[in-house]
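Here is a short tour for anyone meeting this structure for the first time. Have the sequence and the 3D view open as you read.

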Amino acid sequence: MRKKFIAGNWKMFTDLATAKKLTQEIVTLMAGNNKVDVAICPPFTYIQAVGEIVKGSNISLGAQNCFHEKEGAFTGEISPNMLADLGCKYVILGHSERRHKMGECDVTINKKVHAALASGLKVILCLGETLDERQANKTNDILKNQLDGSLAGVNKDNLDSLVLAYEPVWAIGTGHNATPQQAQDTHAFIRSWVSKHHGAETASKLIIQYGGSVKPDNAASLLHQADVDGGLIGGASLKADQFLGIIRAGM
Ligand code: PGA
């Protein structure tokens, strides 16, 4: 039985005061609740402050991106080792906003995946098709390409440090979530890819999150699909009561 995993992706939101307040609220509301694994991924600048608050709690810390080198003359970049040093357990890679707004391709993402895994971080790797691609019935082809590219050279031993997040681009921040059936069908396809490349046992253990307009009122139907093992939550992770509503729906 896979334990559900809900992660909050704060994107480029909050300031220091609101980041600390939100974290404290989540820690308080989650006290004693270990039925679901939970992580929050603040902007880089607030990781340390948020890390101080989650220390000793059941909330894990994550980041939203990293560079693919350990250190060096890479002005403005943040290495996975720096994130691990601050207590991060997870890093989100290949988010659709990075793919579509920052021009990241699977080759870039693949380098980051290798670097993050080498530094001991767990990777939440995002995948997803655009609306045009879905309407053209290309969803599975797109996901296959993203999986082949982003996970090239990643071996089976590393798969327990990997979480996949299916996030249809058309559902992110739009209020139009995938239907539970669309999510289930796509997650089953992703799991079949993992099974084909890394074996059925590995695939059966892998956590596959759904992301894209998950809210407290639609979370239960999505999270109770057989192959949906949690959620990557954007907008609704910025309000403690909404985030907790989603977490409770996953129990
Ligand atoms: P959303 O974002 O929940 O605001 O749609 C999800 C994400 O981008 O991870």
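## Helix H7

Let's begin with helix H7, which covers residues 139-150. Its 12 residues, at 1.5 Å a residue, should span 16 Å, and its end C-alpha atoms are 16 Å apart, so the two agree. Keep in mind that this is a predicted model.

Which residues of H7 are buried? They are Thr 139, Ile 142, Leu 143, Gln 146, Leu 147 and Ser 150. Looking down the axis of H7, you'd find its buried residues within an arc of 130°, so they line one face of the helix. What do they pack against? There are helices on the list, namely H4 (96-101), H5 (106-118), H6 (131-135) and H8 (180-198). Strands E5 (122-127) and E6 (162-166) are packed against them too.

## The nonpolar cores

Next, the nonpolar part of the structure. The largest nonpolar core has 63 residues, and Ile 26 and Leu 164 touch the most other members. Helix H11 (residues 240-249) gives this core its largest share, six residues. Another core, of 12 residues, lies apart from it, with Cys 41, Tyr 90, Ile 92 and Leu 232 among its members.

What does Leu 164 touch, once residues up to four places away in sequence are set aside? There are several leucines: Leu 125, Leu 127, Leu 147, Leu 151 and Leu 206. Ile 190, Ile 207, Ile 208, Val 194 and Gln 209 are touched by Leu 164 as well. You've already met one of these contacts, Leu 147, as a buried residue of H7.

## Salt bridges

Now for the charged side chains. How many salt bridges does the structure hold? The count is 14.

Some of them involve buried residues. Glu 104 and Lys 112 pair up through their side chains, with N and O 2.8 Å apart. Glu 104 has a relative accessible area of 9%, so it counts as buried, and Lys 112, at 5%, is buried too. Arg 134 and Glu 129 form another salt bridge, at 2.7 Å from N to O, and both of these residues are buried.

Is Lys 55 buried or exposed? Its relative accessibility is 61%, so Lys 55 counts as exposed. Lys 55 makes a salt bridge with Glu 52, and their closest N and O atoms are 3.5 Å apart. Elsewhere, salt bridges link Arg 2, Arg 191, Asp 227 and Asp 229 into a network.

## Two residues to look up

Gly 250 sits in the segment after H11. With a relative accessible area of 6%, Gly 250 is buried. Try finding Ala 220 as well: Gly 250 and Ala 220 are 30 residues apart along the chain, yet their C-alpha atoms are separated by 6.2 Å. Leaving out residues up to four places away in sequence, Gly 250 touches Lys 4, Val 36, Leu 223 and His 224.

The other one is Thr 202, found in helix H9 (residues 200-205). Thr 202 has 14% relative accessibility, and that's under the 20% cut-off, so it counts as buried. What is Thr 202 in contact with, apart from its neighbours within four places in sequence? Its contacts are Lys 156 and Leu 159.

Methods: Residues numbered from 1 in each chain as written. Predicted model: local features only at pLDDT ≥ 70, side-chain atom pairs only at ≥ 80, totals over all residues. Heavy atoms only, no water. Salt bridge = Lys/Arg side-chain N within 4 Å of Asp/Glu carboxyl O. Buried < 20%, exposed > 50% of the residue type's maximum accessible area, 1.4 Å probe, protein only. Core = buried A, V, L, I, M, F, W, Y, C linked by side-chain atoms within 4.5 Å. Helix = DSSP H or I, 4+ residues; strand = E, 2+ residues; numbered from the N terminus. Contact = heavy atoms within 4.5 Å. Expected span 1.5 Å × (residues − 1). Arc of directions from axis to C-beta.
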